[in-house]
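Visitor: Could you walk me through how the helices pack in this one, and then through any odd backbone spots?

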Amino acid sequence: MTESDRGVDANTRAIEDTVVTDFSDRMSYGGYLDLPTLLSAQRPISDPVHHDELLFIVQHQTTELWLKLVLHELEHACALLRVDDLPQALKCVARVKHIQKTLTEQWSVLATLTPSEYAEFRDSLGSSSGFQSWQYRAVEFTLGNKNAAMLAVFDADPVAQDVVRRALHAPSLYDEFLHYLARHDYPVPLGVLDRDVTLAWTFREDLVPVFAAIYADSSHNWAAYETCEELVDLEDNFQLWRFRHLKTVERIIGMKTGTGGSSGAPFLKKALELTFFPELYAVRTSL
């Protein structure tokens, strides 16, 4: 029997007989993803509800979902480096790099929000701000930009604060890589290996020669060399994300202060001066 005989339009795809349609006792797509919970989490609070508030909520919720995966991958990469499984650690880093590109491109969606549209529901946000994202802070800490004073931001949320605190006290991805190098007979200075990991990473001049030797003979130091370049990619992507964040904020609110009390665009601009792996950039000058 042809599709026409069954009354199916030529431009309609018939459902194959083997396709499951009865989910009374089977796992469904929506059940596996818990879509009722996920899709009910977008709750605009402007009154009357402004059309564009849903965009604002979805933008930030999807960012948080991606940050959850970024943190998951970075923590696993650290654990893999501790047991010298560099190839699998780099696989995690590669995944993070792809997520970063998605996060950066997402700003173009939010940038469709005009200043007048945002102004109609901005007051509804109260003092909430992306500055208070505990997942973002944990990601920054895991990459080495640590600041113990940030824990106070999460005093009202002990569970979130505990995640950030664990990231503060754990060695960063860079710390783990440097320990990996030391275990593989690279002359990493002892002061680097014994540093207080709760402090933000600061430039170490004595580390530059270690990387210079790796770059000078990349064929004999390929694993270390490749990892250095992957980390540079990671930082480049992070800086591009920060820059797009800044430009999106400037486009929508100009130089207004942030909802969370920050200076807004000037505060974001200062973040562009932060670096995760300064020696990997300094080595380029010394080669």
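Guide: Gladly, with the reminder that this is a predicted model. A good place to begin is helix 3 (residues 53-82) and helix 8 (residues 173-183), whose axes come within 9 Å and cross at roughly 15°. Since angles under 35 degrees count as roughly parallel, helix 3 is roughly parallel to helix 8.

Visitor: And which hand does the crossing of helix 3 and helix 8 have, left or right?

Guide: The crossing of helix 3 and helix 8 is left-handed. On the helix 3 side the contact is made by Leu74, Ala77, Cys78, Leu81 and Arg82, while helix 8 contributes Leu173, Glu176, Phe177, Tyr180 and Arg183. Sorted by class, the residues of this contact of helix 3 with helix 8 are seven nonpolar, no polar and three charged.

Visitor: Why would residues three or four places apart point the same way in an α-helix?

Guide: An α-helix has 3.6 residues a turn, so residues at that spacing point the same way.

Visitor: OK, at what angle do helix 3 and helix 4 pack?

Guide: Helix 3 and helix 4 (residues 86-110) pack at about 165°, and their axes are 9 Å apart. Because angles over 145 degrees count as roughly antiparallel, helix 3 and helix 4 are roughly antiparallel to each other. Helix 3 passes helix 4 in a left-handed crossing, and the contact of helix 3 with helix 4 has 19 nonpolar, eight polar and two charged residues.

Visitor: What span does helix 3 reach, and what would be expected at 1.5 Å a residue?

Guide: Helix 3, with 30 residues, reaches 44 Å from its first C-alpha to its last, which is close to the expected 44 Å. For helix 4, the 25 residues should span 36 Å at 1.5 Å a residue, and the 37 Å between its end C-alpha atoms agrees with that.

Visitor: What caps the N-terminal end of helix 4?

Guide: Asp85 does, with a side-chain oxygen that lies 3.4 Å from the backbone nitrogen of Gln88. Asp84, just after helix 3, takes a positive phi of about 65°.

Visitor: Switching to the backbone, where is Asp34 found, and what is its phi?

Guide: Asp34 is found in the loop between helix 1 (29-33) and helix 2, and it has a positive phi of about 50° although it is not a glycine. As background, most residues other than glycine have a negative phi, and most peptide bonds are trans.

Visitor: And which peptide bond is cis?

Guide: The bond from Asp47 to Pro48 is cis, with omega near 0°, and Pro48 has its place in the loop between helix 2 (35-39) and helix 3.

Conventions: Residues are numbered from 1 along each chain as its sequence is written. This is a predicted model: local features need pLDDT of at least 70, side-chain atom pairs count only at pLDDT 80 or more; totals for chains, interfaces and linings use all residues. Side-chain values use heavy atoms; hydrogens and water are left out. Axes are lines fitted to C-alpha atoms, for helices over the stretch in contact, and angles run from 0 to 180 degrees between N-to-C directions. Helices (H or I, at least four residues) and strands (E, at least two) are DSSP runs, numbered from the N terminus. Angles under 35 degrees count as roughly parallel, over 145 as roughly antiparallel, 65 to 115 as roughly perpendicular and the rest as oblique. A crossing is left-handed if the near helix is turned anticlockwise from the far one by less than a right angle, and right-handed if clockwise. Contact means heavy atoms within 4.5 Å. Ala, Val, Leu, Ile, Met, Phe, Trp, Tyr, Cys and Pro count as nonpolar, Asp, Glu, Lys and Arg as charged, and the others, Gly among them, as polar. The expected span of a helix is 1.5 Å times one less than its number of residues. A polar contact is a pair of N or O atoms within 3.5 Å; within protein, one must be able to donate a hydrogen and the other to accept it, and residues adjacent in sequence count only if both atoms are side-chain atoms.
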